[in-house]
Amino acid sequence: MIGKRLSPFVVLLADDEPADAHLVKWALTENRLHVDLQHVLDGREALEYLQREGRRFAMAVRPDLILIDLNMPRMDGREFLAVVKGDPALCDIPVVVLSTSEVDRDVRDSYRLGASGYITKALDVNEFIVEIRQLSEYWISLVRLPENR
Amino acid sequence: MPEMIDDANLLAGLSAAASVDVEFANDPWKVLLVDDEPDVHHVLRLALHELHIDGRGLRLIDAFSAEQAKHELAAHPDIALILLDVVMETDRAGLDLVRHIRDELARRTVQIVLITGQPGYAPQRQVVSDYQIDGYLLKSELSAERVFVAVHSAIRTCRLMREQESLQADLQQKVRELDQTLVVLRESEDKLIRAQSVAHVGSWTYELASDEMHLSAETCRIFGLPAGTRGSYRSYLERVCADDRQAVEEVWRAALADGAVFQHEHRIIVGETLRHVRQQADLTRAADGTPLRCLGTTQDITERKQAEQELKRSNAELEQFSYAISHDLRQPLRMVASYLQLLGIGLAGQLDDEQREHFKFAIEGARRLDQMLVALLEYSRVGRLGEPPTWLETRAIVDEALLFLQPAIAEAQAKISVRGHWPRAWVRPDEILRLLQNLIANAAKFRVAGRRPEIRVASRVARAQWCLTVSDNGVGINRGQIGRLFQVFQRLQSRASYEGSGVGLALCRKIAEHHGGSIWADSPGEGQGSRFCVSLPLPRESA
């Protein structure tokens, strides 16, 4: 219990756009959130990470939270959600969608596929910082709540 | 005879006409006596005294010259018999009169019996055939008996000929009528063929007992068959696209089992291509319910299907396009805006006021472009996505719009009044809400500084139209600018004084037009308020 409390909070971020990923990293830093951010480029890589495939991910740490973009090459966010939420070993990891899209269909599809949240990335960086802060605080405090024993 | 006239009505009509003719009179038979010798008249009158033929007496008319005979003939068109002397004014006066009667008067049924004293003047055989003479009497043989026989048989002949003539006239009339009917039939058949080819609708009949299918010319054309082709159930199915065959059979069997109509759309094979047809047919059943025959239409709906597919494709493309706008275009734009901001933050201490302003303009531009993309996306979605139309209490929509706009209304300290009759309307709720929101929000937004906004929202129903007006006491509209008001990204006010995406009124217009209605605006002039009117058709509510 104590060991878990002290270990850093691990976030797996899947986004094919380095500039976008960089903004997330920056927003986390701005919020003084000490998070172990693991960045992969698409859904396929995220899945390889989760299944510890290959030498690159052999030592991968199970994330406490997954952030994914919806539109990515090879395996997009929807396909990724379908696989993860259908896998008993992975389905309890919360997945939050981070997207530019405000299209109703994307939001509905994401929740239908089992997403735990849907965040429309703000154009204004200050707003984005707030979004990331609230998102992280919610999931970090939820995950770090002492267990009732 | 291979073909017989088998029309009971036709024959009945003919005999009726004939009997009328025979009956028409008990008038006496008119007999014209032409002879220059009064004695002959006398003899003939004696011989024909009180004579009746077929229940009718005789009326004798005397003429003593060929000339006089002509007058009598003109006066009595119904003379049945002429007893005619040959030699009168001239040796040939009688024969000339015969020619006159046959050729010029064209009287064919009048019987002519020649009476002559000198046989040499009228050689019997030649006269009979040349002049259509019906009998020949010698003056030397004018006994009562001979005259009776000659007159009797001539009158009888006349009667028969008249009957025949009348029958013939009737027949000709019937033939003319038939011809006309045929012409009309052919014309209407031509029209049907033309109509079928214009409408791409062919017709067919199907006899279940003989499994015979007769196709109209247009049906043959649709199926790419020579005109006059006949078919059967099997031969039809063979022309149906293999994937659709089972469905056709199922629908056909269901129609035979308990239906009155057969209706189905499927694809048929025409040469190397597939065409879409819509089949519709009525079943005729015997008293015990056994289906006997089927009368159907074949409509070529290939073009409609192609248009539908094209529409589907273009809708999908539009959907793809608007998704690209909402996501793919906004993504890099967000990078531009975000990193400009980051740069600005990082350089904060080193920038002078002007440079800070430049950063602000650049970021502001990106933000506006993003708003425009979102607005354009919304504009493209009107009538395409979103809620389907439903019956709606329009008053409830106004309240919803006002609730949504509460912060803006409070900020503007606007006074709002809602009045008039608010009907139930057949509309898309989200779109009408959007329309009302935009109009009321505009009224609150475009206010004159220092003047408290007064916004009147009114509704009425007139001539099956729902008329909605939103009027204000705001900045008004310059008359010359009203035309630009409803266009995308057109602004009549500077961005500095009034924020906005420039799509709001264009969106209102599109919503109104998608509901089959219209929107317009008027204003007494700048600074004098404006009024926006929306008129939407109000369909009759059933049940």
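This is a short tutorial dialogue on reading a predicted model with chains A and B.

User: Let's start with the overall make-up of chain B. How many helices and strands are there in chain B?

Analyst: Keep in mind that we're looking at a predicted model. Chain B has 15 helices and 18 strands. Of its 543 residues, 27% count as buried. For contacts in chain B between residues at least 6 apart in sequence, 63% link residues at least 24 apart.

User: Okay, how do I read a sheet? What is the strand order in the open sheet of 5 strands in chain B?

Analyst: Go from one edge to the other. Here you'd read E13-E15-E16-E18-E17 of chain B, and the pairing is mixed. Strand E13 (415-420) and strand E17 (518-522) of chain B are the edges, each pairing on one side only. Ignoring direction, neighbouring strands in this sheet are turned by 15° against each other on average.

User: And if I zoom in on one pair, how many bridges join E15 to E16 of chain B?

Analyst: There are 7 bridges between strand E15 (residues 454-462) and strand E16 (residues 465-471) of chain B, and the two run antiparallel. To find your place along that pair, look for B:Val461, which sits opposite B:Trp466 in E16(B).

User: Now the helices. Which strands does H14(B) lie across?

Analyst: H14(B) lies across E15, E16 and strand E18 (531-537) of chain B, at about 145° to E15(B). Helix H15 (residues 504-514) of chain B lies across E17 and E18 of chain B, and its angle to E17(B) is about 140°.

User: Is H14(B) mostly covered or mostly open?

Analyst: Mostly covered: 15 of the 17 residues in H14(B) are buried. You can check the length of this helix too. At 1.5 Å a residue, helix H14 (residues 429-445) of chain B should span 24 Å, and its end C-alpha atoms are 24 Å apart, so the two agree.

User: What about odd backbone angles? Where does B:Asp54 lie, and what is its phi?

Analyst: A positive phi in a residue other than glycine is the thing to look for, and B:Asp54 has one near 50°. You'll find B:Asp54 in the loop between helix H2 (38-48) and strand E2 (58-63) of chain B. It counts as exposed because it has 10 C-beta neighbours inside 10 Å. B:Gln413 is another case, with a positive phi of about 55° although it isn't a glycine. That residue lies in the loop between helix H13 (406-412) and E13 of chain B. With 10 C-beta neighbours inside 10 Å, B:Gln413 counts as exposed.

User: Over to chain A. What does UniProt list for A:Asp69?

Analyst: Treat an annotation as a pointer, then look at the site itself. An unreviewed UniProt entry lists A:Asp69 for "modified residue: 4-aspartylphosphate". In the model, A:Asp69 is in the loop between strand E3 (65-68) and helix H4 (77-85) of chain A.

User: Is A:Asp69 buried or exposed, and which residues does it touch?

Analyst: A:Asp69 counts as buried because it has 26 C-beta neighbours inside 10 Å; the cut-off for buried is 20 or more. Leaving out residues up to four places away in sequence, A:Asp69 touches A:Ala14, A:Asp15, A:Asp16, A:Gly77, A:Leu98 and A:Ser99.

User: Last one: how many residues does each chain bring to the contact?

Analyst: Chain A brings 11 residues and chain B brings 14 residues. On the chain A side, helix H2 (18-30) and helix H6 (125-144) are the elements giving two or more residues. By class, that side has 6 nonpolar, 3 polar and 2 charged residues.

Notes: Residues numbered from 1 in each chain as written. Chains lettered and ligands numbered in written order. Predicted model: local features only at pLDDT ≥ 70, side-chain atom pairs only at ≥ 80, totals over all residues. Contact = placed C-beta atoms within 7 Å. Helix = DSSP H or I, 4+ residues; strand = E, 2+ residues; numbered from the N terminus. Nonpolar A, V, L, I, M, F, W, Y, C, P; charged D, E, K, R; others polar. Expected span 1.5 Å × (residues − 1). Buried ≥ 20, exposed ≤ 12 C-beta atoms within 10 Å, placed from the backbone. Pairing = 2+ DSSP bridges. Axes fitted to C-alpha atoms, helices over the stretch in contact; angles between N-to-C directions. UniProt positions renumbered as here; feature names shortened; annotations may be inferred.
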